[in-house]
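Work through these exercises with the model open beside you. Try each task before reading its solution.

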Amino acid sequence: MPTPYQTHIGSFTRKSTFFWAAVGATVGLANLWQFPYLASQHGGGLFILLYLGCLLLVTLPLMVTEASIGRYARHGIVLAMDGLIRSAKSSRVWMAAGRLSVLAAFVVLSFTAVFGAIALAYVFFGALGRFSGASQAEATSVLAGLVSDPRAFREFMGWHAFFLVMVLWVSGQGVVGGLERAFRIVVPGTLILMLALFGLAAWHGRIDGAISQILEMHPEDLTWASLRAALFHAFFTLGLGMGVWAVLGAYTTPDTRLKRSILAAVLMDTLVAILAGLMIFSMATESNVFDGERGFSLLFVSLPVTLAQLPVSQFVIATVFLMVVMIVWATALALLEPVVGWFREWTGAPRGLSVVLVGLAVWLAGLASLLSFNVWAEYRLGGATVFRWLELATGGLMIPLVAILIALFTGWCLTRNLSRTMLGAAPKLFGTIWFWVMRLVLPLVVVYIGIHYTTASLANLCDNGSKAFWCEQAPGMVFRGEGGVPTEDAESHARGAIEGGTVEKPGGLLPADQPSAGGSGEQQSSPENAPKDDDILYHSV
């Protein structure tokens with residue numbers, strides 16, 4: 001087998017850039033449409049403490065490992081694993097970790113860009129007054145008209161291409177002129193914008209109610225499902241298992257304090273999630289309370305309706321979704337980099353050509369998810385659209401498998417001396433905790449996450465009319481409600497998704513040839529036709 005082309009793919013020029021890039025990679029839509037819901041439903045401040053515990057004891061060691069692998073090898077995850085495997089004289093089977101991580105980043109980026117397209121469109125919708133005086137049903141119709149109407153899918157494709165061009169343009173400028181400059185401007189700019197919006201929400205909203213929902217301790221709401229929710233969110237929200245941390249580690253300057261920067265980025269991610277929760281819940285009015293809301297309905301329906309009641313609402317709505325675009329933009333830049341880096345190291349192609357070719361492939365792959373919401377909505381395999389299967393493949397299989405392989409390889413195959421060299425200077429206690437977490441704790445935890453995610457998601461498809469073989473195993477019993485606990489309570493299904501997987505509501509997206517509520521034979525962008533909370537899964541962005 002020929003040796004892969006090896007090249008130095010780039011590096012940052014300032015040591016603080018890694019921190020800003022790490023924050024951009026970790027802060028995603030889950031901070032806006034998932035964390036506030038979880039905190040409000042699972043004990044408020046107690047859930048935040050649980051979440052921090054899961055971060056520090058379980059997922060932080062894996063983040064440090066991935067970044068250290070990239071920094072030690074000064075390559076993307078594929079060649080970095082290749083070098084470590086050769087040094088440890090281990091089986092080439094471990095190469096699957098690098099290759100799967102690049103594939104996972106590619107797939108997740110493909111549908112992250114679809115969400116970015118929706119947010120980008122909403123910047124203009126808000127500025128043009130599309131939500132002025134809108135009711136819940138009217139706001140839902142706006143979302144359905146953009147996403148679910150088969151007659152308007154070309155407009156949706158246009159926004160999708162627009163968003164991807166923004167991402168590719170930055171990446172094409174290079175590591176220093178593009179990525180470093182973008183992360184150092186976009187991420188601080190996003191945080192400043194969020195603080196300004198938080199101040200506005202606190203001034204005009206119900207900050208006391210928001211503090212009660214997010215920060216106050218509610219032990220009566222704390223259950224074992226709360227621990228599971230915190231664990232799932234900690235694992236899926238940080239961009240693990242996709243080669244992001246390895247390539248960012250490879251770009252660090254020699255004097256970057258890697259472990260401190262990662263810890264600071266994780267704490268910043270948590271702070272942003274708390275601020276987002278306080279901002280969103282303080283905006284709620286007596287007639288529009290966000291209890292139990294998340295996903296599409298929270299971000300793209302209820303939030304615009306509530307913001308429309310504020311002074312200069314058009315400006316406020318446009319600004320809020322500009323912030324959302326900046327968040328997804330930074331996430332997409334981080335997800336694109338391991339794929340571009342791998343392509344350059346594999347082929348030796350220049351960066352500009354690599355970005356164009358990878359971007360074209362991402363655009364084509366993203367169309368599969370985009371069309372799953374409208375033109376292809378009626379085409380389902382096992383009760384799921386193409387998008388649902390892509391989400392399940394990454395969240396239930398590829399990302400957990402990569403995490404398990406990296407943990408087992410570093411915990412069992414690397415010598416203690418090589419591990420210490422790779423990790424760099426660290427307190428003895430940290431090294432001991434890292435060693436046993438990677439050897440035993442993380443593989444077992446991630447096996448549980450992957451199995452639970454997959455089995456619960458497959459079981460939930462049965463409620464969508466699926467006649468797949470797994471639905472015949474236990475008829476009448478599906479995973480619903482909090483944490484995917486089996487129940488036969490039909491009302492729990494209406495509430496939404498499980499932590500780490502979701503229920504797809506029957507009829508969430510009408511088939512292209514099904515008459516709408518208006519009665520005509522042509523599908524309309526009616527509220528019933530908009531994406532529901534459960535038409536997206538949990539982890540990705």
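**Exercise 1.** In this predicted model, classify the packing of helix 8 against helix 15 and describe the contact.

Solution.
- Start with the geometry. Helix 8 covers residues 153-172 and helix 15 covers residues 313-347. Their axes are 10 Å apart, and the packing angle is about 55°.
- Classify the angle. Helix 8 is therefore oblique to helix 15.
- Find the hand. The crossing of helix 8 with helix 15 is right-handed.
- List the partners. Helix 8 contributes Phe 163, Met 166, Val 167, Leu 168, Val 170 and Ser 171. Helix 15 contributes Val 325, Val 328, Trp 329, Ala 332, Leu 333, Leu 336, Glu 337 and Val 340.
- Sort them by class. The contact of helix 8 with helix 15 holds 12 nonpolar residues, 1 polar and 1 charged.

**Exercise 2.** Do the same for helix 4 and helix 13.

Solution.
- Locate the pair. Helix 4 is residues 45-73, and helix 13 is residues 258-283.
- Read the geometry. The angle is about 140°, with axes 10 Å apart.
- Classify it. Oblique counts here up to 145 degrees, so helix 4 is oblique to helix 13.
- Find the hand. Helix 4 and helix 13 cross in a right-handed way.
- Pick out partners. On helix 4 they include Ile 48, Tyr 51, Leu 60, Met 63 and Arg 71. On helix 13 they include Lys 259, Ile 262, Val 266, Asp 269 and Ile 274.
- Sort the full set. The contact of helix 4 with helix 13 has 15 nonpolar, 2 polar and 3 charged residues.

**Exercise 3.** Trace helix 4 from end to end: what is its span, and where does it bend?

Solution.
- Check the length. Helix 4 has 29 residues and spans 40 Å between its first and last C-alpha. That is close to the 42 Å expected at 1.5 Å a residue.
- Find the bend. Helix 4 turns by about 50° at Thr 59. Pro 61 follows within four residues.
- Look past the end. Just after helix 4, Arg 74 has a positive phi of about 60°.

**Exercise 4.** Test the length of helix 19, then find its bend and the helix 11 contact.

Solution.
- Compare spans. Helix 19 (residues 428-461) has 34 residues, so at 1.5 Å a residue it should span 50 Å. Its end C-alpha atoms lie 47 Å apart, which agrees.
- Find the bend. Helix 19 bends by about 50° at Val 437.
- Add the neighbour. Helix 11 (residues 224-236) crosses helix 19 at roughly 100°, and their axes come within 11 Å. Helix 11 is therefore roughly perpendicular to helix 19.
- Name the partners. Arg 228, Leu 231, Phe 232, Phe 235 and Phe 236 of helix 11 meet Val 445, Val 446, Tyr 448, Ile 449, His 452 and Tyr 453 of helix 19.
- Sort them. The contact of helix 11 with helix 19 has 9 nonpolar, 1 polar and 1 charged residues.

**Exercise 5.** Where does Trp 470 lie, and which residues is it in contact with beyond its neighbours within four places in sequence?

Solution.
- Place it. Trp 470 sits in the loop between helix 19 and strand 1 (478-479).
- Take one distance. The C-alpha atoms of Trp 470 and Leu 458 are separated by 7.5 Å, with the two residues 12 residues apart along the chain.
- List the contacts. Leaving aside neighbours within four places in sequence, Trp 470 is in contact with Gly 382, Trp 389, Leu 458, Ala 459, Leu 461 and Cys 462.

How values were computed
Residues numbered from 1 in each chain as written. Predicted model: local features only at pLDDT ≥ 70, side-chain atom pairs only at ≥ 80, totals over all residues. Heavy atoms only, no water. Axes fitted to C-alpha atoms, helices over the stretch in contact; angles between N-to-C directions. Helix = DSSP H or I, 4+ residues; strand = E, 2+ residues; numbered from the N terminus. Parallel < 35°, antiparallel > 145°, perpendicular 65-115°, else oblique. Left-handed = near helix turned anticlockwise from the far one by under 90°. Contact = heavy atoms within 4.5 Å. Nonpolar A, V, L, I, M, F, W, Y, C, P; charged D, E, K, R; others polar. Expected span 1.5 Å × (residues − 1). Bend = angle between axes of the 7 residues up to and from the residue.
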